[in-house]
Amino acid sequence: MTTKGGSTRRLLLHRYRRGDAEPHIEEHDVPADEGTTVLAALRWIQLHRDPSLGLRHSCFHASCGTCGVRVNGREHLACVTMLADHEGTIAVDPIANLPVSHDVVVDMQPFFARFPDQHPIVRASEPLPHADATDAADGIDEHERFEDCIECGLCLSACPIAATDATYLGPAALAYAQRLLEEPRGTDREAILDWADQVNAAWGCHAAFECTEACPSDVRPAQRIMALRRELRRRRRRQGREVPEPENGTARP
Amino acid sequence: MTRGSPHVLIVGGGGTGGALAHDLALRGVRVTLVERGEFTSGTTGRHHGLLHSGARYAVNDAESAVECIEENTLLRRIAPGSFEENDGLFVGVTDEDMAYLPGFLEGCEATGIPTQVLQPAEALRLEPMLSPDLKVAVRVPDATMDAMRMPLRFFATAKANGADLLNWVDVADLELAGGTVSGARVRDLVTGRTTRIGADIVVNATGPWSEQVASMAGVDVPIRPSPGVMLAVRGRLTNMVINRLHASGDGDIVVPQRALSVVGTSSWFVEDPDDLGVPADHVQRMIDEGSILVPAVRHAEFRAAWSAARPLIGSREDADSGRELSRTFKTIDHAVDDGVEGFVTITGGKGTTLRGMAEVCADVVCRKLGIDTPCSTRDTVLLPHTAAYAA
């Protein structure tokens, strides 16, 4: 938003360039009013202090998912996070559990590599099987087709398991798998369940629900992982295999 | 593609640059693309996500309207899954809007845009959140797209076909000697190192920044960066794209996106496309005008407001005159226009026409390089956007 008046806020900004021994923290005082977002503040630094500041952004309205950062240690989309909602100095760091490229930019390749084989194209925009061009607007409920997940990585950053186990597939990928089960659209359901029925997949979650807390898009990944486990338990019962205790976060097969 | 094949350096990682990289890679050209930030971070990713039917331009800008409806049809074929097949309505609420209707329908017919006139009761049945004051609605094949992920599919496919796509690489200067551009001096923002990239042709695909980049080659590009403000509110207030049935004006479109509704837009001119700001009075205008179409806009919860700079083609004089600038695009071979070899600019246009822009530009580039392989992007189905992140 446009800045008015003389108020400034102090940002403690994570800076890192490949080849640096360690990241360092850089202080910046940025002009701010009640509507100044973290992204606007970072853009101000880019424009007025250092054009080399590395920063991912695209849509500016919580739709693309590129501008995820940690603000005072918690995961947020910079574009919809107001400085005014945070007291005192504001630390801006890259999201966790992904490699830092530079400054507050992380490499998203390992994030997408976690997903099951069918890559998540924006599937929900496809016409539903019963819909066609002539009835596409019959009702909002039937035609809300865009997926909620914006692939921002905040859930993975917030996940305490991902922090200690780099092989854990993490909330976004597991939530995506559960979404595929709900609406397979030709994907191989059994293959998805095989993929999810692993110690580093659905059973890796300890039900801390930090992912759901962090999600800016109401995907509720933890609840989806629990639903995925219910599905896996049912399948294991049918298969006569060991069935982990229900809803016990630490239950592993 | 071989090491010996010609090398094209594309400056700018928006939709146009990505689509051009894809087109050239399919024609066997070696491509390097540099983008100083994240891909689609300039103008492309910030647009409201409308796949234009062209109806918005049918009355005053037939050329743009035809481009839009052709690309609208084609993109649905090559990027399945990237569009909501939700259609759009042009909604008339005043007598003035009704006076615009006959010309609008004629313009759509002349430019090949299918229309269906709906009476108010029918329109309200389809979209109950529309203003109860509406007098007519015209259904057109608008659609919602993901402003980042649809263009990323061009990047993904170009990459799979061997194009070298480099984000976080800023052009410090173009190399110009003897009236020929032969490459660029670039700074890698990840490492801080400066290097040079040589090229047979450098293409300037930097949208509203194209005047700045062209000036590095000592030539002028008549581009006026024209930002518009957009407002996102929580709640999917309508399922279809809702346009005001009138000659274009501020706040005359509501685009549903996932669980948000995006209201756009306004228009002014700036010199520096990096320094846009979000004028508070423009945001208020989005609320005021948007709620004429969809009254719930006024009370919906605020999610975000932002600005994006359109690259409009026109001289400073044209812009100063307040005349409406065309939304069409232009490829400039600076050898022809300015006597500078090895340098081409592609600019103007809009998200919907990215592929068509790339085709025209790639034709010019290939002619200069003596390559006669035709464009094949019309029939090449694009990879999913996630492939753009593949190792």
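This is a short walk through a predicted model of a complex that includes chains A and B.

Confidence to begin with. The predictor gives the complex an ipTM of 0.95. The pTM is 0.93. For chain B, the mean pLDDT is 94. In that chain, 98% of the residues reach 70 or more.

Now chain A. The domain assignment splits chain A into domain 1, residues 8-106, and domain 2, residues 109-238. Where these two touch, domain 1 of chain A gives 13 residues and domain 2 of chain A gives 15. Which elements give two or more residues to the domain 1 side? They are strand 3, 68-71, and strand 4, 74-77, of chain A. By class, that side of domain 1 of chain A has 7 nonpolar, 4 polar and 2 charged residues.

Stay with those two strands. Strand 3 and strand 4 of chain A pair in the antiparallel sense, over 4 bridges. Look at Gly68(A): its bridge partner in strand 4 of chain A is Leu77(A). The two strands form a hairpin, with 2 residues between them. In the turn sits Asn72(A), with a positive phi of about 50°. So remember the general rule here: in a regular strand, side chains alternate between the two faces of the sheet.

Next, the interface between the chains. Here 42 residues of chain A are in contact with 49 residues of chain B. On the side of chain A, strand 6, 100-102, and helix 2, 109-113, each supply at least two residues. That side of chain A divides into 19 nonpolar, 15 polar and 8 charged residues.

On to chain B. Its domain assignment is in pieces. Domain 1 of chain B takes 7-43, 149-222 and 325-389. Domain 2 of chain B takes 85-143 and 224-313. How many Å separate their centres, taken over C-alpha atoms? For domain 1 and domain 2 of chain B, that is 31 Å. The contact takes 11 residues from domain 1 of chain B and 9 residues from domain 2 of chain B. On the domain 1 side, the residues divide into 4 nonpolar, 6 polar and 1 charged.

Two helices of chain B deserve a look. Take helix 2, residues 62-78. Why does its length agree with expectation? Because 17 residues at 1.5 Å a residue should span 24 Å, and the end C-alpha atoms of helix 2 of chain B are 24 Å apart. Its buried residues are Ser64(B), Ala65(B), Glu67(B), Cys68(B), Ile69(B), Glu71(B), Asn72(B) and Leu75(B). Keep the helix geometry in mind: an α-helix has 3.6 residues a turn, so residues three or four places apart point the same way. What do the buried residues of helix 2 of chain B pack against? Strand 3, 50-51, helix 3, 95-111, and helix 10 of chain B.

Then helix 5 of chain B, residues 149-160. This helix has 12 residues and reaches 16 Å from first C-alpha to last, close to the 16 Å expected. Is helix 5 of chain B mostly covered or mostly uncovered? Mostly covered: 11 of its 12 residues are buried. Among them are Arg149(B), Arg153(B) and Lys159(B), along with Phe154(B) and Phe155(B). What covers the buried residues includes helix 1, 15-26, strand 2, 30-35, and strand 8, 143-145, of chain B. Strand 9, 164-167, and helix 10, 354-369, of chain B belong to that cover too. Just after helix 5 of chain B comes Gly162(B), which takes a positive phi of about 100°.

That is the tour. Happy to take questions.

Technical notes. Residues numbered from 1 in each chain as written. Chains lettered and ligands numbered in written order. Predicted model: local features only at pLDDT ≥ 70, side-chain atom pairs only at ≥ 80, totals over all residues. Domains from an automatic or database assignment. Contact = placed C-beta atoms within 7 Å. Nonpolar A, V, L, I, M, F, W, Y, C, P; charged D, E, K, R; others polar. Pairing = 2+ DSSP bridges. Expected span 1.5 Å × (residues − 1). Buried ≥ 20, exposed ≤ 12 C-beta atoms within 10 Å, placed from the backbone. pLDDT = per-residue confidence, 0-100.
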